[in-house]
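Colleague: I keep seeing labels on this model and wondering where they come from. Can I quiz you on them, one label at a time?

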Amino acid sequence: MTHRGAAKRGSGTATGKVFAAWLPRKLIEPVIADEMQAAQKGWSDVGALSGAALNREIDKVRQDGIAATTDLPVPGISALSAPVFNHSGHLQLAITVIGPTPKIDVSLQGGHAAALLAFTRRLSEQLGYIANP
């Protein structure tokens, strides 16, 4: 059960996975370490990825260009998140689509993913990003 003020895992959310995939490791590693410490102390009700599992998930998100979660961190709520890059190729922000699990298609080949990726690519281009220079 989630309570107001409960800590959410960045590595267990679609948005957090996008940040973990494209922000510098030196920024992400302390956040992940804090998440692991909070989980060990029982301060959070949401499981987080760590170690090799986290690295595999981050590699997959980079390869796919999009992150998805189903029923995490809130049961019954699923999400897709994709990066927006600036003119220098750095992550500027993430756009996340969130909805009730029965109503949102989080498959990477689905309509929601296609629309999200088209939007984030256009937005990145408007910010001066050039893919595969």
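Colleague: Is F85 buried or exposed, and how do you know?

Modeller: Go by the relative accessible area: under 20% is buried, over 50% is exposed, and in between is partly exposed (1.4 Å probe, protein chains only). F85 has 11% relative accessibility, so F85 counts as buried. A word on the ground rules: this is a predicted model, where local features need pLDDT of at least 70 and side-chain atom pairs count only at pLDDT 80 or more, while totals for chains, interfaces and linings use all residues. Residues are numbered from 1 along each chain as its sequence is written, and side-chain values use heavy atoms, with hydrogens and water left out.

Colleague: What makes W22 and F85 an aromatic pair, and of which kind?

Modeller: Rings of Phe, Tyr and Trp (its six-membered ring) pair if their centres lie within 6.5 Å; planes under 30 degrees apart are stacked, over 60 edge-to-face, and the rest tilted. By this rule there are two aromatic pairs. For W22 and F85 the centres are 5.7 Å apart and the planes make 80°, so the pair passes the distance test and lands in the edge-to-face class. W22 sits in helix α1 (residues 14-22) and F85 in strand β2, so the pair ties together parts that are 63 residues apart in sequence.

Colleague: And why is the pair of F85 and Y129 given another label?

Modeller: F85 and Y129 have 5.0 Å from centre to centre and 35° between the planes. That angle is neither under 30 nor over 60, so this pair is tilted. Y129 belongs to the segment after α4, so here the parts tied together are 44 residues apart in sequence. Put the ring pairs together, and W22, F85 and Y129 are linked into a cluster.

Colleague: What are W22 and Y129 called on the accessibility scale?

Modeller: W22 has a relative accessible area of 23% and Y129 has 25%. Both values fall between the buried and exposed limits, so the two residues are partly exposed.

Colleague: What makes you say that β2 is largely enclosed?

Modeller: Strands (E, at least two residues) and helices (H or I, at least four) are DSSP runs numbered from the N terminus. Strand β2 covers residues 77-85, and eight of its nine residues are buried, so the rest of the structure largely encloses it.

Colleague: How do you know which strands β2 pairs with?

Modeller: Two strands pair if DSSP finds at least two bridges between them. Strand β1 (residues 67-69) and β2 have three bridges in the antiparallel sense, with A68 standing opposite L80. Between β2 and strand β3 (residues 91-100) there are nine bridges, again antiparallel, and P83 stands opposite A94. β2 and β3 also form a hairpin with five residues between them, where G89 in the turn has a positive phi of about 85°.

Colleague: Which residues line the largest pocket, and why those?

Modeller: A pocket is an open set of points on a 1 Å grid over the protein atoms alone, where a 1.4 Å probe fits with protein on both sides within 12 Å along at least five of seven lines; a lining residue has an atom within 4 Å of a point. Here the lining includes W22, F85 and Y129, the ring cluster again, along with others such as P83, R121 and E125. The elements that give two or more residues to this lining are β2 and α4 (111-126). α4 gives the largest share, five residues.

Colleague: What kinds of residue are in that lining?

Modeller: Ala, Val, Leu, Ile, Met, Phe, Trp, Tyr, Cys and Pro count as nonpolar, Asp, Glu, Lys and Arg as charged, and the others, Gly among them, as polar. The lining splits into seven nonpolar, three polar and two charged.

Colleague: Last one: what is odd about the loop between β1 and β2?

Modeller: Most residues other than glycine have a negative phi, and most peptide bonds are trans. D71, in that loop, has a positive phi near 60° although D71 is not a glycine. P73 is in the loop too, and the peptide bond joining L72 and P73 is cis, with omega about 0°. As for D71, 31% relative accessibility makes D71 partly exposed.
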